Amino acid sequence: MKNTIFSLTGKTALITGASRGIGKAMAEVFALAGADLFICSRKEEALRAAAEDIHGKTGARVEYLAADMVQREDVDRLAAESLRRMGKVDILVNNAGWNIPQAIDEISDTDWDYLVELNLTSVMRLTRALVRPMKERRWGRVIHISSIMGRASTAKRNAYSATKAALIGMAQASALDLGPYNITVNCIAPGPIATEMPMSLLSPEQQSQLGGRTALGRWGQPDEIAWPALLLASEAGRYITGEVITVDGGCLARIF
């Protein structure tokens with residue numbers, strides 16, 4: 001994969017929520033493309049295991065830091081430590097997020113504040129910190145992992161859909177802010193992807209129904225998000241900015 005337009009050789013990528021699922025899959029694909037990695041998640045043991053696994057498979061440099069993205073001091077520490085250890089961050093992937101299903105009249109202030117802080121505010125703070133040196137180098141890639149539930153929704157997804165829709169709006173505005181500095185900002189909106197979060201929230205029957213709604217008739221796998229992310233992170237995607245790439249197996253193509 002090196003020496004092609006999809007190569008990330010010489011680039012450093014920071015990926016949040018990268019100890020498992022979509023985040024880890026993106027880290028592996030970026031490492032295969034030649035990137036150095038700085039990954040984070042909340043649990044250090046799982047993070048260490050992920051870093052060792054990715055390094056073992058790819059030989060890439062993989063640094064890591066345990067950080068709780070709900071804690072603003074952790075977000076600031078993550079930005080500072082990644083720059084200190086790696087020297088630069090060229091590619092930022094804001095992947096960390098969660099969902100607490102609640103109807104609009106059931107949402108507690110505590111749960112709302114938690115999801116807004118994790119899914120939205122932490123993204124703003126980390127992006128704000130890391131695009132400043134990107135502007136100086138006049139090159140950068142920022143990718144927010146949104147969701148098809150930022151474009152359509154279902155019952156009891158109020159806070160989740162609100163924050164994921166807000167990521168799309170922020171990416172569009174940021175693309176205009178940062179375009180003059182050769183920095184692109186985009187969103188990926190995954191559909192049903194077989195990771196821990198949806199599998200822990202949905203019954204087997206609901207899982208089957210949702211997979212059946214896609215045009216392909218199945219759930220996606222984490223690596224099926226990672227390859228579109230590589231497009232956006234590489235020179236192959238240099239003219240894509242302010243966009244939402246929906247990767248949902250055709251789920252949103254269906255009306256009924």
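**Exercise 1. Place Leu14 in the fold: which strand holds Leu14, and is Leu14 buried or exposed?**

Step 1. Leu14 sits in strand β1, which covers residues 12-16. Keep in mind as you work that this is a predicted model.

Step 2. Now look at accessibility. The relative accessible area of Leu14 is 0%, and buried means under 20%, so Leu14 is buried.

Step 3. Next, list the contacts, leaving aside neighbours within four places in sequence. Leu14 is in contact with Phe38, Leu78, Ser82, Val89, Ile91, Leu92, Val93, Leu126 and Leu130.

Step 4. Finally, try a distance. Ala46 is 32 residues from Leu14 along the chain, and the C-alpha atoms of the two are separated by 17 Å.

**Exercise 2. Explore the largest pocket: which residues are the closest to its centre, and how do the residues of its lining divide?**

Step 1. Start with the volume: the largest pocket holds about 1,400 Å³ of space.

Step 2. Then turn to the lining. There are 50 lining residues, and Asn99, Tyr160, Thr195, Met197 and Pro198 are the closest to the centre of the pocket.

Step 3. Ask which elements give two or more residues to this lining. They are the strand β2 (36-41) and the helices α1 (21-32), α4 (109-137), α5 (158-178), α6 (196-201) and α7 (204-213).

Step 4. Sort the lining by residue type. You should find 25 nonpolar, 16 polar and 9 charged residues.

**Exercise 3. Describe the surroundings of Thr163: which side chain does its own side chain join in a polar contact?**

Step 1. Find Thr163 in helix α5. Its relative accessibility is 2%, so Thr163 counts as buried.

Step 2. Look for a side-chain partner. The side chains of Thr163 and Asn119 are joined by a polar contact of 3.2 Å.

Step 3. Check the backbone too. A polar atom of the Thr163 side chain lies 2.9 Å from the backbone oxygen of Tyr160.

Step 4. Set aside neighbours within four places in sequence, and the contacts of Thr163 are Leu115, Val116, Asn119 and Leu120. Asn119 therefore turns up here as well as in the polar contact, and Thr163 is buried.

**Exercise 4. Explain the disulfide count: why do Cys40 and Cys187 not form a bond?**

Step 1. Recall what is being sought. A disulfide is a covalent bond between the sulfur atoms of two cysteines.

Step 2. Apply the cut-off: the two sulfur atoms must be within 2.5 Å. For Cys40, the closest cysteine sulfur belongs to Cys187 and is 18 Å away, which is too far for a bond.

Step 3. Repeat from the other side. For Cys187, the closest cysteine sulfur is that of Cys40, again at 18 Å and too far for a bond.

Step 4. Write down the total: the count is 0 disulfides. You can add that Cys40 is buried, at 0% relative accessible area, and that Cys187 is buried too, at 0% relative accessibility.

**Exercise 5. Study a loop residue: where is Thr214 found, and which backbone nitrogen does its side chain reach?**

Step 1. Locate Thr214 in the loop between α7 and α8.

Step 2. Judge its exposure. With 2% relative accessibility, Thr214 counts as buried.

Step 3. Follow the side chain of Thr214, which reaches the backbone nitrogen of Arg218 at 3.1 Å.

Step 4. Collect the remaining neighbours, not counting residues up to four places away in sequence. Thr214 touches Pro192, Asp248, Gly249, Gly250, Cys251 and Arg254.

Methods:
Residues are numbered from 1 along each chain as its sequence is written. This is a predicted model: local features need pLDDT of at least 70, side-chain atom pairs count only at pLDDT 80 or more; totals for chains, interfaces and linings use all residues. Side-chain values use heavy atoms; hydrogens and water are left out. On a 1 Å grid over the protein atoms alone, a cavity is a set of points where a 1.4 Å probe fits but cannot get out, and a pocket is an open set with protein on both sides within 12 Å along at least five of seven lines; lining residues have an atom within 4 Å of a point. Grid points are joined across faces, edges and corners, and a volume is the space filled by probe spheres set on the points. Helices (H or I, at least four residues) and strands (E, at least two) are DSSP runs, numbered from the N terminus. Ala, Val, Leu, Ile, Met, Phe, Trp, Tyr, Cys and Pro count as nonpolar, Asp, Glu, Lys and Arg as charged, and the others, Gly among them, as polar. Buried means under 20% relative accessible area, exposed over 50%, partly exposed in between (1.4 Å probe, protein chains only). A polar contact is a pair of N or O atoms within 3.5 Å; within protein, one must be able to donate a hydrogen and the other to accept it, and residues adjacent in sequence count only if both atoms are side-chain atoms. Contact means heavy atoms within 4.5 Å.
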